[in-house]
Amino acid sequence: MRETIDTPADAARNGAPASPADASPVSGAAAAAAAAAAAADELTIAGRTLRSRLLLGTGGFPSLALLADAIAASGCELVTVALRRVDPAARGSLIDVLTDAGVELLPNTAGCHTARDAVLTARLAREAFATDWIKLEVIGDEDTLLPDAPELLRAAEELVDDGFVVLPYTTDDPVLARRLADIGCAAVMPLGSPIGSGMGIRNPYNIALIRERVSVPVVLDAGVGTASDAALAMELGCDAVLAASAISRAQDPVRMAAAMRAAVHAGRLARTAGRIPRRLYATASTPDEGLPDLGPG
Amino acid sequence: MIVLNGQQSDVRAGETVSAILGRLDLPLDARGVAVAVDGEVVPRAQWGSYALAEHARVEVLTAMQGG
């Protein structure tokens, strides 16, 4: 007797690919074509097409030169930026570096604790960067930097009404994620664990549930510590991963950027390939037919 | 007197937002710069005409690494 220890989410995923686009049975000569199709596996958020499913947070890089090298190694096309008071002593222009790198900007509302502050910051970011896109963060606790759900919903609603493309940083609560999607957010960005903690995905079941419950892209934000965390996020069905500290604070950020790029790609391939069910007992991969009778031992 | 980025400044009432940006050596066409006065966004198109009131709280913001 064999017993599966899959969750219902796993079973559904194993039984059928998540979407028609995911269905690409691979056999012999078709492998090259499938690989080509996978290579063109693009992500669309609010009408913008991204070839890379890795988003990069620019925080924490020790220098702009290292940031530029990490962007190149990551292959990312969308990077976050924050808005802060002009520092007359600051050297080098972040905007110039990002423009030269050819990436699009995703401004954030980091540091905002109320819907009011987040909405105002989003409007300032729209003015500064000429983009309607906003990574909405409304923080409810200084030590954990966990989102303040009621303020987040309030801010998201106001910004969606104001024409913003809102990508909210949220907890891994599937109900909250659905509420955010229902009010018109262009994607949801659940945390794997607290920002900068490097603790990975503490509740993979919730991330899988979020993927099932919302139809907008799911971008795992926060908590990624190393490449396997990013691969797991993609295997769970996330459409993309945003990594910041995991890359910028690694001993070799450029090398880690390359690792994250490979991990996101591998995780996405594995997800669309359809993993085997988890089973408690072994399943022989070699057939019993034709087993010789070798006589009494 | 106005308050510029949290500091008392010798900028006088009546000066424009553009004048303040000039003092900060920021070009007026600078991408990545935004201005709020008393908690409200001042759109780029109004920088040249927006005259600051006495005790105005002016925030001049730009892109920083983050997120």
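So, the contact between chain A and chain B: 25 residues come from chain A and 21 residues from chain B, where contact means C-beta atoms, placed from the backbone, within 7 Å. Keep in mind that this is a predicted model, with local features needing pLDDT of at least 70, side-chain atom pairs counting only at pLDDT 80 or more, and totals for chains, interfaces and linings using all residues. Residues are numbered from 1 along each chain as its sequence is written, and chains are lettered from A and ligands numbered from 1 in the order in which they are written.

Which elements of chain A give two or more residues to that side? They're strand 4 (78–85), helix 4 (94–101) and helix 5 (115–129); those are DSSP runs numbered from the N terminus, H or I of at least four residues for helices, E of at least two for strands. Helix 5 of chain A gives the most, seven residues.

Now strand 4 of chain A again: five bridges join it to strand 5 (residues 57–65) of chain B, and the two run antiparallel. Pairing here takes at least two DSSP bridges. Arg85(A), for one, has Leu61(B) as its bridge partner.

Over to a helix pair within chain A. The axes of helix 3 (residues 64–74) and helix 11 (residues 253–273) come within 8 Å and cross at roughly 20°; axes are lines fitted to C-alpha atoms, for helices over the stretch in contact, with angles from 0 to 180 degrees between N-to-C directions. So helix 3 of chain A is roughly parallel to helix 11 of chain A, a label for angles under 35 degrees. Among the contact residues are Leu66(A) and Ala70(A) of helix 3 and Val254(A) and Met260(A) of helix 11.

How values were computed: Parallel < 35°, antiparallel > 145°, perpendicular 65-115°, else oblique. Contact = placed C-beta atoms within 7 Å.
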